[in-house]
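Subject: Structure handover

Hi,

Here is the structure I said I would pass on to you. Have a look at it first, and then read my notes underneath.

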Amino acid sequence: MQRKTGSAVSMCVKFALVAIVVTAAAAVANAFINPNFTPVHLVEQSDLVLVLKFEGEAKDGKVKATVQKALKGEAPKKPLTFDFFAGAFEAQGKAVVRMIADGNTEALFFVGFFEDEAGGGDMELGGDEEEGRGMLHIGGKWIALSSVEERLWDMEKIDSRMLGTWAGSTDMLLRAVHYVLTTDDADVPIKSNVEWGRHVKLGTVKGKIAALTPVDLAGDGKLTLFVASDAGDKLFRCEGGKLVDVTAKHGLTSKSKVACWADFNDDGKADFMSSGGSSLKRYLQNADGTFGKPDHAKFEARDISDLAVLRAPGGEPRLVVGTSAGVRFFPEKVSMRAPTKGDGTVEVKSGPGGRYFVADFDGDALPDILRILSNGAFLYKGTAPGVFAAPVKTQIGLGKGQSTAQLGDYDADGLLDIFV
């Protein structure tokens, strides 16, 4: 999909970015995957598997870690110390210390005598004849360590070869370890056996495509693809096994730089709010599925960059409006406490408004607001219906240039994740 005048739209537009990312990742992973040393071999050959949490600042490269839980073996009663400046690669050690300082404090620690099934091949890890080798997984990296004395481990290097065993996150590796420890004949597949289908061209959309959103217009469970464009929005629906342009059928005349969908008048049908950049228009769906002339909201702001729906329990839907000056609401009846020096937060400088997500991130049945910017994010915790605390800064960022983000439970653990 290209974002330019006369942009082509393909059948896999919803997953176009994900397809590119996953395909690229698969190409790299296929080159690294070691069938002779999977997480099953790692766990079986480990005498000790610990869940660690790093605490405090590094002193001359040394960081202490408390043992949260022993998954295998006996847990040390006192904290462990890791010297990340002990190895020959000083830059690698500094990178690990920075990573911990940035909030990557959860880790998995494996100790044992490791050797792949090939009998001392590329993954022969060896280690001290008495203590074995330590392998630390933190922040998506594998760190090889050697034991110096009781509860003190020296870093040797960042071991990229171990990405052939696990190239994911630490929390997902923890789930894999639990699976291996609790399942007879556990198996971690080394092939996905998944292929992408061919791209099917649907047509062209004039202007700059701003968003692609699947919408259940009729409430029948069948999705219609909404394509937001500043030169004219489009609707595509699957009919007879093909996606066809049904924009005219629904009487859609909107032009959107940003848009969001919700049932704004509680009639059971999907409506949407649209913005061309500085004002808001509401398009209500009629009983026959068409969209009439829009309602013009009494709202103006410079550089509207994103819209999200805020609906507290039992309350009417409101809009979270992202602007270059920060978050605003429509209607305004929302209380948000401004950050102070005591909050430990930093005000965002003027610029793009970023992406906004409204969801119950902390499980208290109240909606929270997450504002994602290029180099970080702010979480506004809901404290009561329509009331939000001052923001807390988090490390999630969109990066520079064109980007997007989506909310979902991508690892099926019941917790919301962000795909950037």
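D266 is exposed, with a relative accessible area of 52%; exposed means over 50%, buried means under 20%, and partly exposed is in between, using a 1.4 Å probe and protein chains only. You'll find D266 in the loop between β14 and β15. D266 isn't a glycine, yet its phi is positive, at about 55 degrees.

Before I go on, some housekeeping. This is a predicted model, in which local features need pLDDT of at least 70 and side-chain atom pairs count only at pLDDT 80 or more, while totals for chains, interfaces and linings use all residues. Residues are numbered from 1 along each chain as its sequence is written, and side-chain values use heavy atoms, with hydrogens and water left out. When I say helix or strand, I mean DSSP runs numbered from the N terminus: H or I with at least four residues for helices, E with at least two for strands.

A365 is another residue other than glycine with a positive phi, near 70 degrees. A365 sits in the loop between β22 (355–359) and β23 (368–372). With a relative accessible area of 54%, A365 counts as exposed.

Now the sheets. Strands count as paired if DSSP finds at least two bridges between them. The loop of D266 links two strands of an open sheet, which has four strands in the order β14-β15-β16-β17 and antiparallel pairing. Its edge strands are β14 (258–262) and β17 (295–300), each of which pairs on one side only. On average, neighbouring strands in this sheet are turned by 20 degrees against each other, direction ignored; the axes behind such angles are lines fitted to C-alpha atoms (for helices over the stretch in contact), and angles run from 0 to 180 degrees between N-to-C directions. Within the sheet, β15 (residues 271–275) and β16 (residues 279–283) are joined by three bridges in the antiparallel sense, and S274 stands opposite K281 in β16.

There is also an open sheet with the order β10-β11-β12-β13, again four strands with antiparallel pairing. Here β10 (209–215) and β13 (242–245) are the edge strands, each pairing on one side only. From one strand to the next, the twist averages 25 degrees. Six bridges hold the antiparallel pair of β10 and β11 (residues 224–229), where A211 stands opposite A228 in β11.

Strand β12 (residues 234–239) includes E239. E239 counts as partly exposed because its relative accessibility is 35%. Which residues does E239 touch, leaving aside its neighbours within four places in sequence? They are V244, V246 and K249, where contact means heavy atoms within 4.5 Å.

Further along the chain, β18 (residues 306–310) is mostly covered, with four of its five residues buried. Strand β18 runs antiparallel to β19 (residues 318–323), and five bridges join the two. In that pair, D306 stands opposite G322 in β19.

Helix α3 is worth a look too. α3 (residues 90–101) has 12 residues and reaches 17 Å from its first C-alpha to its last, close to the 16 Å expected at 1.5 Å a residue (that is, 1.5 Å times one less than the number of residues). Its buried residues are G93, V96, V97, M99 and I100. They lie on the same side of α3 because they cover an arc of only 160 degrees around the axis, the arc being that of the directions from the helix axis to the C-beta atoms. On the other side of α3, A91, R98 and A101 are exposed. The buried residues pack against β2 (46–59), β6 (133–138), β7 (141–149) and β8. Just after α3, G103 has a positive phi of about 115 degrees.

One residue of β8 (residues 152–158) is K157, which is partly exposed at 30% relative accessibility. K157 and G93 are 64 residues apart in sequence but 7.7 Å apart in space, C-alpha to C-alpha. Neighbours within four places aside, K157 is in contact with F89, Q92, W142, I143 and A144.

Finally, how many disulfides are there in the whole structure? The search finds zero, a disulfide being a pair of cysteine sulfur atoms within 2.5 Å. As for cysteines, C238 is partly exposed at 47% relative accessibility, whereas C260 is buried at 7%.

Cheers
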